[in-house]
Amino acid sequence: AGQDVGRSCILVSIAGKNVMLDCGMHMGYNDDRRFPDFSYITQNGRLTDFLDCVIISHFHLDHCGALPYFSEMVGYDGPIYMTHPTKAICPILLEDYRKITVDKKGETNFFTSQMIKDCMKKVVAVHLHQTVQVDEELEIKAYYAGHVLGAAMFQIRVGCESVVYTGDYNMTPDRHLGAAWIDKCRPDLLISESTYATTIRDSKRCRERDFLKKVHETVERGGKVLIPVFALGRAQELCILLETFWERMNLKAPIYFSTGLTEKANHYYKLFITWTNQKIRKTFVQRNMFEFKHIKAFDRAFADNPGPMVVFATPGMLHAGQSLQIFRKWAGNEKNMVIMPGYCVQGTVGHKILSGQRKLEMEGRQILEVKMQVEYMSFSAHADAKGIMQLIRQAEPRNVLLVHGEAKKMEFLKQKIEQEFHVSCFMPANGETTTILTNPCIPVDISLGLLKRETAIGPVPDAKKPKLMHGTLLMKDNSFRLVSPEQALKELGLAEHQLRFTCRVHIQDPRKEHETGLRVYNHLKGILKDYSVQHLPDGSITVESILIQATAHSEDQGTKVLLVSWTYQDEELGSYLTSLLKKGLPQGTP
Amino acid sequence: QQHEELSTKKLRLTKPSKSAALHVDLCKATSPADALQYLLQFARKPVEVESVEGVVRILLEHYYKENDASVRLKIASLLGLLSKTAGFSPDCIMDDAINTLQNEKSHQVLAQLLDTLLVIGTKLPENPSVRMRLVEVACKHLTDSSHGVRNKCLQLIGCLGPVEKGVAKEAESQAAKDVQKIIGDHFNDQDPRVRTAAIKAMLQLHERGLKLQQAIYSQACKLLADDYEQVRSAAVQLIWVLSQLYPESIVPIPSSNEEIRLVDDAFGKICHMVSDGSWVVRVQAAKLLGSMQQVSSHFLEQTLDKKLMSDLRRKRTAHERAKELYSSGEFSSGRKWGDDAPKEEIDTGAVNLIESGACGAFVHGLEDEMYEVRIAAVEALCMLAQSSPSFAEKCLDFLVDMFNDEIEEVRLQSIHTMRKISNNITLREDQLDTVLAVLEDSSRDIREALHELLCCTNVSTKEGIHLALVELLKNLTKYPTDRESIWKCLKFLGSRHPTLVLPLVPELLSTHPFFDTPEPDMDDPAYIAVLVLIFNAAKSCPTMPALFSDHTFRHYAYLRDSLSHLVPPLRLPGRKLVSSAVSPSITPHEDPSQQFLHQSLERVYSFQHLDPRGIQELLEFTIRDLQRLGELQSELAGMADFTATYLQCQLLLIKALQEKLWNVAAPLYLKQNALASAAAKQILEETYKMEFMYSGVESRQVVIIHHMRLQAKALQLIVTARTTRGVEPLFGMCEKFLQEVDSFQRCFISELPHMQGSFLDKLLDLMPRLVTSKPSEVVKILQTTLRQSTFLHLPLPEQLHRATANIIEPTGESDNPLRFTSGLVVALDVDATLEHVQDPQGTVKVQVLYPDGQAQLIHPKPADFRNPGPGRHRLITQVYLSHTAWTEPCQIEVRLLLAYNSNRSKASTRISKSTWSESLEALPASENGIEGTIPFSKPVKVYIMPKPARR
């Protein structure tokens, strides 16, 4: 889904692990192009060896349509992860898809029902916010994404590197689902959809209100309302909307729902209450909102019944099936109304009537005059530009990658993201690979004794700032340990060597050696107040562990030679002392 | 007195035993677990004030010896509990407590000890030096590595830190460094809990009156981006506080050279938090937004702004489109495909997707997932709109949208909000349309709230009025029970928009210039609704009556009489205006009726010099006057009724005590007995009414009422003494009466001085004699005192209202019996308004009286009561009826009762507060539970017919 919509399939290699995100099909093609090109993954060898896992974000066919083909026909035996509702509804849709392609279009070499079943056996279902350990290093975690029932965003983490894949998501709640939510997980990369990259939408309330008003007015007038829908997702939202409205307003006109696919799906909606929005979750104890009181199953004969009614019928674009049949029956009456809740592809009846055509040519040269009112209402469940930005703000990723959208629109969003969050943003095309540099952190074990000793030195640790520590880094058996030098020596069986630096400083001083020594001592004592400066009986001076000895120059009695000697550990202080002494002693001090 | 002595003795006995027992127990304890058990047991019992110190010493002693941290923890917490004991001054144990801190190693115990110190510190508010010391101790432990200890330290500093800077003496000032700085340093602590505690401590300081420094603002702003929700939530609060403290100071905008007012900046930041990840923070932010009223209007209006675009082209919002449609005068036709087609191109650079400001905060808040956030946003919107009319105008669209929320609470809240800001707004037609659509809601609350809203909205056009009327009538046909509320709503709608109603009148009355139209049905609620609208409009529009037809005038006369509260007096041609008695401009003080009330009372209280006949007459007159006054003057009704009742009691008493009757021979007792005992009974009843049916009764009145009751009881005693033969039963009665006198004296000891010359006053003088004398003598004494005692002056409280109830539904007019199968139940909807009832949930009952005399008492559910306004309640409930089969329909009576219980009375709550310890034993049992009910509504008759079950 690079720079286009459909056929979502993304490969992520993270810290040596390979994960495939979604496995969708493309609605627009009927040839090989409808499925992703899996030869990208590996040319030779089995997919199972190469991929560590496959994650499916939700049940829409452009996100899971190619799954049986991929797992059964191409061959993949590893784990497939999806949420419980997705796992439940996905096979219904796949089966439906298969029926249409094989039974109606008569295609061969397509996956069979058995393949769908086999494929589903490989699926591992996950809960929201449950961290699943795929193997020892790879872990995934699902977040709520809105969009459709069971849609999830996935966080994939290996060590301290992580990627978040959003799938499709919705940041504004609707009548049956809540809004997407993610915590501040600060992933290295956020892969976000960008269907509405250049759109900011109006409040959904206006749309809902308009919709309800239209329906209500028509019903009161005694007219019939036809709402062509696709079986899953929006249909449920509209049902809830109408159901609650009927309840609130005490309306009596019947609402029908065309049977088939929907009933099965509705059953799952009833089951997965925890995945719905606050209102439904709170009230399901009294009544499950999906147990519709006013909405009944539709029968073909009902269409001729007199009096007002509302019918939801599939498919959504009025191109075939039940919705078209009903449309034909009702189109002649101006009291009736058809409401198109979604986008219609060019060439369908839906598109024709939306663009204002009043006379339609049907099969068999019939001319159908459309007198009924035609309305368009857009209900969509993708995040708009604001929503995408909001998600980025919530997750605080270090890099963003846009998929599932149109290139031109992505360009705009990309620019905005870089401008406002100052993170780099990518938008690869299909087949393109983007490499992102991460800053991996390497955990190192430290012995408690050393830690305590080191923290005791210096000021109280300020917890959020990095702190300098001394120790020895041991790399052994693929693990890192920080230990004290003594222990490191012991473990490695090495003897300790002392490294001493010595340095001679010449000073012009006619006085005797021990007097010079005394002067140096006083001078240092005056400057280095925080250090212990000692004058030893043999005339040498120690500053901490640094030794300074003054001797007369063998040739010139007026020049004294100061021998400064320090160990490697005191390098800093030693060099400081030398430079201090090189400046000479102050004049006039006794 | 004996009693008290006994109890103090008890105290002395227990004191040493308690601490000693603890000591023994602790010494016996072999293991830490044992000791912990003893301490836990010990903690269950309260410790007397006198022994606290001893106990504390023992605990401390053990504390030093104890090695186990958990035991020390328990001791530390016990120390805190003990220092809380009322009356104990903990300064004596403070030093010890501080000492214990020094050697403590366990973090948990340290935190607990600091908590104890906090308790001690809060107990000694008047001691700045102690506080200084405690704060110092806390500062010392701030470097502890455990978050719990740091938490407690910050809490302690927040609660005890010096508030005024001048107070700290020079010597101590070094120690008491800038508390704010110390706390501020911990804003960056590594532990989120400590960060939260630091912010909370800062807020605590603010609450205690310390003026926070402005420098904290930038620190707090950084905390808004914290990872933890509790930190963010607290930081939002802190920013709000600062914005209220320094609204006008200027802060720079980062990454630009501009500067803005702090309050605007803070507003922008808090708005930003409305789209936070955590809903707790979102609720908090949305709530606080409402109280930021100094924000400049430019910023305020941004909160409602959300630029729409589609494919990079600017799009208008539905609101804008609706407005345009309206202003262009075009009627909203059906939506066309592409009606919302995007218009002009937007400059990509100019679009700011996440505005660093207030942009669209409310748009987000109102669309939030959680209804808590939405409610908070609506509330905030309400508060801001109240203070800014222009904002109110702008937010209207959004509020109207909220009328369609999925959660009823939110809808209700937004309707209420709209009502509150209705003074500032005028509804456009399309908005009105949406508002009116909600009238069909099936929830009664919503509909009624909407009616209230319509009462006070301004409508801009006559079409609007017409629309409203049509929708209301639709509502009326759908839900006939809303009748009253709809009429009331139309009353206000009419009186607010007379000029808009005027052009509609011919249409509404369906008059025709040439033809006579049929006369509408007078009982049709819809027709009445229309008339109510027109008549109220006509009040301020003198030209309107000219448009009325003959029958309209007749209907006016009828409605003016039957629904006088809805139909105003009109100046009609050819009719004299019935002048209403009161003009509202007169204030109560100069109100002649108020004066009249007081004068007539004065007259009554000065009757002492009159002969008994004269007194009786005077009382009768006054009672009559007062009752009439109450009928005329609704605002004085409570007062007048109350006094009239009191005078009535007095009158009864006087009549009962008339000498003539008492002097007749024994066989003739019968008559006066009947009269006297009936009087006594009635007085008792009336006193209960006086005590419980009026709201606003103060203790002064309660005394008088109780006194009257006492007199009635005395009367009862006398009557019984006269009629019963034998002395035995009298003993008990006398004793009981004396007990009552005693308890009365104890309850109202403070009021006794005001009762000079009263019955009780005299009785108390004679008390020693009464206690010792025989019943017959007692009766004699009572009789004379009763007769001699003066009439007590009843002081009137400021406000006095009689509890009233009015059953709206059932109306009792139906001739169709309610039929149901016997043995099964039928639900009867009861709808009643209650006024001036305190605690209706507890006291109001529904009584159903069947024709066979069987009575049934129903307790309505607490949820059945709604509270539409102060002092008003509404009871909407269902009563279940059932009975065995009847041969023909018959009427049952439904009425509301006010239940009372003398336990709950004001007098006994007073006792329970003052002498809590002894009241339980001291009060005679009889006083404890007198329960009864007072009917306070007119009974309504319902026709029912239980049919025999068919086989």
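Where in chain A does A:Ile442 lie? Look in the loop between β20 (424–426) and β21 (445–446) of chain A. The views below come from a predicted model.

**View 1. A nonpolar patch on the surface of chain A, with A:Ile442 as a member.** Four residues make this patch: A:Ile442, A:Val444, A:Leu473 and A:Met475. Together they cover about 410 Å². A:Ile442 has a relative accessible area of 55%, so this residue counts as exposed.

**View 2. A:Phe38 and A:Tyr69, a tilted aromatic pair in chain A.** Searching the whole structure turns up 24 aromatic pairs over all chains, and here's one of them. The ring centres of A:Phe38 and A:Tyr69 sit 6.1 Å apart and the planes meet at 35°, so the pair goes down as tilted. A:Phe38 belongs to the loop between β2 (17–21) and α1 (47–50) of chain A, while A:Tyr69 belongs to helix α3 (residues 67–75), so the pair ties together parts that are 31 residues apart in sequence. Is each ring buried or exposed? A:Phe38 is buried because its relative accessibility is 7%, whereas A:Tyr69, at 26%, is partly exposed.

**View 3. The aromatic cluster around that pair.** Zoom out a little and A:Phe38 and A:Tyr69 turn out to be part of one aromatic cluster. Its other members are A:Phe35, A:Phe70, A:Tyr76, A:Tyr97, A:Phe110 and A:Phe111.

**View 4. B:Phe362 and B:Phe391, a tilted aromatic pair in chain B.** These two rings are 6.4 Å apart, centre to centre, with 50° between the planes. B:Phe362 comes from helix α18 (residues 361–366) and B:Phe391 from helix α20 (residues 389–402), so to speak a link between distant parts of chain B, 29 residues apart. Both partners are tucked away: B:Phe362 has a relative accessibility of 1% and counts as buried, and B:Phe391 is buried too, at 0%.

**View 5. Two arginines over tyrosine faces in chain B.** B:Arg447 lies over the face of B:Tyr479, at 3.6 Å from the ring centre. In the other example, B:Arg709 lies over the face of B:Tyr688, at 3.9 Å from the ring centre.

**View 6. A:His422, a residue with a positive phi.** Most residues other than glycine have a negative phi. A:His422 isn't a glycine, yet its phi is positive, at about 55°. You'll find A:His422 in the loop between α13 (407–421) and β20 of chain A. With a relative accessible area of 67%, A:His422 is exposed.

**View 7. B:His836, a histidine in chain B with a positive phi.** B:His836 has a phi near 55°. This one is in the loop between β11 (826–835) and α39 (840–843) of chain B. Its relative accessible area is 24%, so B:His836 is partly exposed.

**View 8. Chain B as the setting for the chain B close-ups.** How many helices and strands does chain B have? The count is 42 helices and 18 strands. Chain B has 951 residues, and 50% of them count as buried. Among contacts in chain B with a separation of 6 or more, 74% join residues 24 or more positions apart. The chain exposes about 46100 Å², and carbon and sulfur atoms supply 53% of that area.

Note on methods:
Residues are numbered from 1 along each chain as its sequence is written. Chains are lettered from A and ligands numbered from 1 in the order in which they are written. This is a predicted model: local features need pLDDT of at least 70, side-chain atom pairs count only at pLDDT 80 or more; totals for chains, interfaces and linings use all residues. Side-chain values use heavy atoms; hydrogens and water are left out. Rings of Phe, Tyr and Trp (its six-membered ring) pair if their centres lie within 6.5 Å; planes under 30 degrees apart count as stacked, over 60 as edge-to-face and the rest as tilted. Helices (H or I, at least four residues) and strands (E, at least two) are DSSP runs, numbered from the N terminus. Buried means under 20% relative accessible area, exposed over 50%, partly exposed in between (1.4 Å probe, protein chains only). A charge sits over a ring if NZ of Lys or CZ of Arg is within 6 Å of the ring centre and within 35 degrees of the ring normal. Patches are made of residues with over 30% relative accessible area and no salt bridge: like charges are joined within 9 Å, nonpolar side chains (Val, Leu, Ile, Met, Phe, Trp, Tyr) within 5 Å. Accessible areas come from the Shrake-Rupley method with a 1.4 Å probe; for residues, only the protein chains shown count as cover. A salt bridge is a side-chain nitrogen of Lys or Arg within 4 Å of a carboxyl oxygen of Asp or Glu. Contact means heavy atoms within 4.5 Å.
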